[in-house]
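This report looks at chain dimensions, two selected sites and a set of charged pairs. The sequence and the coordinates are shown first.

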Amino acid sequence: MIEGSAAEIADAVNARRVSALELTNALAARIDERDGAVGAYLARTTELAREHAARVDARVAAGERLPLAGVGLAIKDNMCVAGTPTTCASKILADWVAPYTATAVARLLEAGAIPLGKTNLDEFAMGSSCENSALGRTANPWDLGRVPGGSSGGSAAAVAAGEATVALGSDTGGSIREPAAFCGVVGFKPTYGRVSRYGLIAFASSLDQIGPISRSVADSALLYDVMAGHDPMDATTVERPVEAAAPALRDDLRGVRIGIVKEFGLAELGAEVRAVYERAYDDLVKLGAELVEVTLPTAEYGVATYYLIAPAECSSNLARFDGMRYGLRVERPDVGATYEATRAAGFGDEVKRRILIGTYALSSGYYDAYYVRAQKARTLIAADFARAFASCDAIACPAAATPAFAFAAKTDPVSMYLMDYYTIPMSLAGLPSLSVPCGYVTTPGAHALPLGLELSAPLFAERALLGIAHAYEGATRHAFARSIPDLPRAAALR
Amino acid sequence: MESREIDVAYVAKLARLALSPEENERFASQLGAIFEHVDRLAGLPVGDVAATAQVIPLRNVMREDVPRPSLDRELVLGSAPRREGPYFRVPRIIGEDA
Amino acid sequence: MSQAIENAPAAVTIGGTAYEAVMGIECHVELKTKTKMFCGCLNVFGAEPNTNVCPVCLGLPGALPVPSRLAIELVVKAGLAFGAQIPAFSKFDRKNYFYPDMPKDYQISQFDRPLTQGGVVPFWLPDGSQGSCRLTRIHLEEDTGKSSHAGSRDGRIAGSTHSLVDFNRAGVPLMECVSEPDIRSAAAAVAYLEALKRTFVALGVSDVKMEEGSLRCDVNLSLRPLGQSEYGTKTEIKNMNSFNSVRRAIESEIARQAALLAGGGRVIQETRGWDEAAGVTHPMRSKEAAHDYRYFPDPDLPPIEFAPSDVTRLRADMIDLPQSRIDRLVSGDGLSIVQAQQIVDGPGLAGYYDAVVAFGARSQTVVNFVLGDLSRLANETGTAVDASRLSPERLAEIIGATEAGTINSKTAKQLVERFWASAEPLIRGVSAALDSGLPAIDGPAPGIPDSTVPERLRASDSLDVLIRLEGLGQVSDTGAIDALVAAVVAENAKTVADYRAGKTKVMGFLVGQVMKQSRGTANPQLAEERLRAALVLRGAQHDGSSSSA
């Protein structure tokens, strides 16, 4: 039963064929078995999960039908859940317990979801491999010697390993889509402003979005429908009504035009990877789609633009971690020295790097040349997309240039930043974008490694986007073509 | 933009980050490489384009002057690194700056 | 720029050259809203520490700001009150710096697109001349928490061992008013601040209480030779906690800079804190090279756009501003500036005054009563003027009766005291009484209770009835007065003799005796006149025998 989709599980619990508590206990046992090897979770919230499960069972018994009744949910540890440790995988928040719950999470819990635990991430969501976590290591369930991707690596791994039915991740430059691609699951980033950021610990305020990670497009659609929508606690959420996506998922692509980006040519990719994407594009045509060439001339400036804007905003957002009111304090005789010692001890290298980049980009004399210029480049990138969408309904491209790489394979920051090459431009334009499994490559002596097809649509076109992804998924069923190799049972292997 | 020597020590001071000399050197070199990539933005003709302050152009999002419950003080002070009675206790401030 | 500034007397002479003091003032005013700027915590002074806090105003991870519509509108109104422009587009920016009372280590403020721009604040100086000071801008930001410094002898930072922080104040909406350097004297600075306070209080924008911290101001001050257009080096003065402190601090700093320049020294640009007890300014620890605040537009807050109709609506919402009220009272009603300011500043006084005048009473008489007896009674009884039982109509009646000579001013004062707390029901009964057939007012003698007033009318509230009933009418008949005078002269031979011997001051006593004889109803001017006449006549005869005039 715990292998079922969120929709199936909710149905079963609502119909009282199975209890939320039973499911919760079964999932807890599954996590106990597998997480020793995978390391998806930083903290388990088993007691809380049981409380919620009991409440769901009581409500269902009283006649309520809950859209996510009993659905096991893993939550990325940069989202506040009252009473749970919320660490952002950082030493500076290692012992902090959140006193309130993020709106998006609250909506899912109110709809019956069960909070299983907080998952690992790159520290403060900065990274593309989950290796920047200061509190734990997560491995890709497909190959334990490889990264799960990042920054939502823990959430993607948990779903891929069956340690949760669905999970929440956050995406700033690709942090849902890339780990979803690496782990062979669906990861969806809605339009900026669709899902409340209240309670999501901010990295880059104008880019961050919470989104679902799941084993099927339908499950992501279901979660999106429940949690999206205006929140008075977040002034950047839109009042636009949410058109429910789950009921409108299509099965074919007749009449749909898919844009293939000229600048995202497949020629530079490895041969096996290229073959997977060529076939993916063919499959789209087989479903009835028309492929259209589109051009995004400024896309190549995406990484440079992003790596000015995001660090600038994060340098300001992370200033509050100063040892004064919460979190780690390395006490020194005076406040100034305390700030410096606390932040030096509390932040990892990648976080420090981005704070330095951002502080520099905003500093006097450089603000116009860097920050303002980057915001202008952003306008051009958004305009490129708007023009492209005049001739297509969605854009398809690889979610990442390679499958999951080995731990410690990328030591150079710039080469790590380039992992987000295909996902950053959509983030800069605020577009809804997702990754759906599209095939596998094999590496010598290793198992198959998943690849993800990235689909992106115009602003607020979530319903159409999820529909297109659903059609592709249904026809190709890549996610279900293989299963993850058996994970070693004993934690002793770690 | 010509490649420049970034004064990492100064930037670290602004950001209240204490860096060891080794870190200073390492970050200086890494930031140098990052900004080399970032500097390609200089080649993009941005012209008179408006800077995007917010990607979704919302306006006038405001709230009414209606009270909402505050947090329980014990909950708040309980997780403070250091407290003294009902206050947050912080190390001494030198001068008018910290 | 107004005449007053050009003609301002030189503040000081240094080495034979006249110098003027050039000042600009920056005020931070806490807005009078129920809740904070970006969250729903209560905005109140004096609450238990750290009880009005939430994730937003504490800067907890994941919290987000949502701006208060009321705070924005109050700032716009404040600007409109001084003729400022309201730009169509305004936004919030982050001002990044670290301090323990800053929950986010950035302050949400406004950098280059403030809510209002420009404007002029007119004010009156004590000598009656008018001055004005231009505003650069008024913008909106959030206040910080409050730290107290422990371990030092005087509670100041220097010498402290640690600090204690209360975040109740963090996030309170703060209006920053920046003036152009148009102020030329300490008196002008205080007048400017009073004008701001008067307007903000009247608009309901703020309580403006320096003692509670809802107004804080910094003064930038430099000296330059009269006629020079370049500014001298300025210092910034902080830490003044009353208007009087502001005045003293400015005077002290002018003197200090003048002495420095006179001795051939140079003024250093620095921040100086006013020491109330010592009466001097001290340099505050100089900041490291001026803060790099790294301002950028706050991505969490969509900008504010005003349509002309929004501005029109806010302008229409605004009550009669104190400045124009003062103008009207001075030029229209002939009040002095001081009287006009007191009427406008006193709570509820202006409305009350207007109402009494509207019933036809003479403005000068009204203002004397309002600022005199009524304000005294308000202080004594703890009841505000406009909350007392003395209705504006009743006061107008009393004043009218006095001016008609029906009662004298002493009786008027007594009636005012009576009606202040009177339990008698308020009905408008003057013409009703007359309609009911009450005989004309000059029936029996005025100073004598009239028992012929019909029973059914005795309960009415008519002032005329009351006057008749109790015999309060002023006695102005010469014959009647002379009879009273005669009685008084007969009973006070010694005093009369003193008067004739040259002790003219005792006339007051004798007039008082006539008043006493008449139970307060004698016309005092006539009483004095007839007394003098009687005593002069008598003075012609030295044999002490009386004779009538």
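## A glutamate in a helix

Helices here are DSSP runs of H or I with at least four residues, numbered from the N terminus. In this predicted model, Glu178(A) belongs to helix H6 of chain A, which covers residues 177-183. Glu178(A) is buried and yet takes part in no salt bridge; a salt bridge requires a side-chain nitrogen of Lys or Arg within 4 Å of a carboxyl oxygen of Asp or Glu, whereas the nearest side chain of opposite charge, that of Lys410(A), is 8.7 Å away.

What surrounds Glu178(A), once neighbours within four places in sequence are left aside? The residues in contact with Glu178(A) are then Ser128(A), Gly149(A), Gly150(A), Ala400(A) and Met419(A).

## Overall form of chain A

Chain A contains 15 helices and eleven strands. For its 494 residues, a compact globule would be expected to have a radius of gyration near 23 Å, and the 21 Å computed for chain A agrees with that figure. Along the principal axes, the C-alpha atoms of chain A fill a box of roughly 65 × 55 × 50 Å.

Of the 494 residues of chain A, 68% count as buried, and 77% of the contacts between residues at least 6 apart in sequence join residues at least 24 apart. The accessible surface of chain A amounts to about 14300 Å², with 52% of this area belonging to carbon and sulfur atoms. Chain A carries 46 positive and 55 negative charges, and the mean positions of these two sets are 1 Å apart.

## A buried cysteine in a strand

Cys397(A) lies in strand E9 of chain A, which spans residues 394-398. Is Cys397(A) buried or exposed? Its relative accessible area is 0%, and because buried means under 20%, Cys397(A) counts as buried.

When residues up to four places away in sequence are not counted, Cys397(A) touches Phe264(A), Tyr281(A), Tyr422(A), Met426(A), Leu453(A) and Glu454(A). Of these partners, Tyr281(A) is 116 residues from Cys397(A) along the chain, while the C-alpha atoms of the two are separated by 8.8 Å.

## Overall form of chain B

Chain B has three helices and two strands, and from the N terminus on its elements follow the order α-α-α-β-β. A compact globule of 98 residues would have a radius of gyration near 13 Å, but the value for chain B is 22 Å. The C-alpha trace of chain B spans about 55 × 45 × 25 Å along its principal axes.

Buried residues account for 42% of the 98 residues in chain B. Chain B exposes about 5100 Å², of which carbon and sulfur atoms supply 51%. Its side chains include 13 positive and 16 negative ones, and the centres of the two sets lie 8 Å apart.

## Charged pairs within and between chains

Side chains of opposite charge can pair when their charged atoms come close. Over all chains, a search of the whole structure finds 66 salt bridges. One of them joins Glu243(A) to Arg194(A), with the closest N and O atoms 3.3 Å apart. This pair links distant parts of the chain, 49 residues apart: Glu243(A) sits in the loop between helix H7 (217-227) and strand E7 (257-261), and Arg194(A) in the loop between strand E5 (186-189) and strand E6 (209-214). Glu243(A) is partly exposed, at a relative accessible area of 30%, whereas Arg194(A) is buried, at 1%.

Another salt bridge is formed by Arg197(A) and Asp300(C), whose closest N and O atoms are 2.9 Å apart. This pair crosses between chains, from the loop between E5 and E6 of chain A to the loop between strand E16 (296-297) and strand E17 (304-305) of chain C. Arg197(A) counts as buried at 3% relative accessibility, and Asp300(C) is buried with a relative accessible area of 4%. Arg82(B) and Glu331(A) also meet in a salt bridge, at 3.1 Å from N to O, and this pair too crosses between chains, with Arg82(B) in the loop between helix H3 (73-78) and strand E1 (83-84) of chain B and Glu331(A) in the loop between helix H9 (302-317) and helix H10 (335-346) of chain A. Arg82(B) is partly exposed, with a relative accessible area of 34%, and Glu331(A) is partly exposed as well, with 32%. In chain C, salt bridges that share partners join Asp373(C), Arg376(C), Glu380(C), Lys413(C) and Glu417(C) into one network.

Conventions:
Residues are numbered from 1 along each chain as its sequence is written. Chains are lettered from A and ligands numbered from 1 in the order in which they are written. This is a predicted model: local features need pLDDT of at least 70, side-chain atom pairs count only at pLDDT 80 or more; totals for chains, interfaces and linings use all residues. Side-chain values use heavy atoms; hydrogens and water are left out. Buried means under 20% relative accessible area, exposed over 50%, partly exposed in between (1.4 Å probe, protein chains only). Lys and Arg count as positive and Asp and Glu as negative; His and the chain ends are not counted. Contact means heavy atoms within 4.5 Å. The radius of gyration is taken over C-alpha atoms; the globule rule is 2.2 Å times the number of residues to the power 0.38. Accessible areas come from the Shrake-Rupley method with a 1.4 Å probe; for residues, only the protein chains shown count as cover. The place of a charge is taken as NZ of Lys, CZ of Arg, CG of Asp or CD of Glu.
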